[in-house]
Amino acid sequence: PLAGLASVAMIATMGVAASTANAAPVWKYGDDVKVTLDANGGKFGSAETKTLTDTTDATYPDYPADGVFDVDGANALYKNVPTYKNANTSGYARVFTGWYESKSGGEAVAPDAVLADGTTLYAHWEAVPSDETETYVLFDFSNLVSYDIDKNVESAGVIQKTANGIKVRLADGDTLAPWQYAATDVSGDGTVFQGEWSVDPATVKKGPDAIIPQTVNAVTVRVGSANGFAIYKDGVKADKTIQFDAALGSTVDGLVAYKTGAIANSWTLR
């Protein structure tokens, strides 16, 4: 059965990205947010560190800097990638694997992370044999899921597309961050991906040979709008008819029809 899940609270939070939905640091009005990038063995030209500044938005002066560093602008974290001072030594190349809050180990910071004023981020490096590639963690999507790769992360070499998935680099001691294996179900294929993998990505450190999404049998649901209602699924507005997979026997949650003054809470199956 299709059950409409509707609440004012849900409508109010629609469009909030998962990475910024958590409580953010609070700054005094007008403060800028400065973050130091430590090349951690690499260089920004001749310098070992670089400062990024998220300034108060001049267009909307009632809002202070939010700590997100121009995801698509010059201050994007992964557009600011250092070079390693000994890029090639004894057949090994030093490859940048991400920005981290500690000098070694831990999870990579997301490109759209909300960062507090005074934060220092450290570059991590992987010593990669010039003729080897097994240092990657390989995700084989098997045409069951899709992945939206941040173009700056891809250009920095942290994540690379493959014919049927992605490869993610990790330095020794590092672990995958959740945003590095975020994936969504491919609708209309008769199966649904519910976030389960053949191997738990959170426990993987450089390996195994492949991580494959696990799916269950599903039906494809198509929902159209009528009578001036806009359709939302999990907080995302659909411009036209929305299509998604639902596991057999499941209840469909996160489906809302909304217009000014009204929220639809019942559905008709046709």
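**Figure 1. Contacts across the whole chain.** Of the contacts in the protein with a separation of 6 or more, 66% are between residues 24 or more positions apart. The model is predicted. Its secondary structure comes to two helices and 21 strands. The protein has 270 residues, and buried residues make up 39% of them. The exposed surface is about 14,700 Å². Carbon and sulfur atoms supply 48% of that surface.

**Figure 2. The largest nonpolar core.** This core holds 44 residues. Five of them touch the most other members: L77, Y78, W99, F139 and I159. Six elements give two or more residues to the core: β1 (33–38), β6 (92–100), β8 (120–129), β9 (136–140), β12 and β15 (191–197). Another core, of 12 residues, lies apart from it. F229, I231, F244 and L255 are among the members of that second core.

**Figure 3. Close-up of I159.** Residues up to four places away in sequence are not counted here. With those set aside, I159 touches Y147, I149, V153 and E154, among others. Its contacts also include I166, K167 and V168. W179 and Q180 complete the list.

**Figure 4. The β11–β12 hairpin.** Strand β11 covers residues 159–162, and strand β12 covers residues 165–169. The two strands run antiparallel and are joined by four bridges. Two residues lie between them in the hairpin. One bridge pairs K161 with I166 of β12.

**Figure 5. Aromatic pairs and the ring cluster.** The protein has 11 aromatic pairs. One of them, F193 with W197, is edge-to-face. The ring centres of F193 and W197 are 5.2 Å apart, and their planes meet at 70°. F193 counts as buried because its relative accessibility is 10%, below the 20% cut-off. W197 is also buried, at 11% relative accessibility. Ring pairs also link F44, Y78, Y84, F96, W99, W125 and W179 into a cluster. Y78 and W99 of this cluster are also among the residues that touch the most other members of the largest nonpolar core.

**Figure 6. Lysines over aromatic rings.** Two sites are shown. At one, K167 lies over the face of Y136, 5.1 Å from the ring centre. K167 is also one of the residues that I159 touches. At the other, the charged end of K233 sits over the ring of F244. The distance to the centre of the F244 ring is 4.9 Å. F244 belongs to the core of 12 residues.

How values were computed
Residues numbered from 1 in each chain as written. Predicted model: local features only at pLDDT ≥ 70, side-chain atom pairs only at ≥ 80, totals over all residues. Heavy atoms only, no water. Pairing = 2+ DSSP bridges. Phe/Tyr/Trp six-rings, centres within 6.5 Å; stacked < 30°, edge-to-face > 60°. Buried < 20%, exposed > 50% of the residue type's maximum accessible area, 1.4 Å probe, protein only. Lys NZ or Arg CZ within 6 Å of the ring centre and 35° of its normal. Core = buried A, V, L, I, M, F, W, Y, C linked by side-chain atoms within 4.5 Å. Contact = heavy atoms within 4.5 Å. Areas by Shrake-Rupley, 256 points an atom, 1.4 Å probe, with all protein chains shown as cover.
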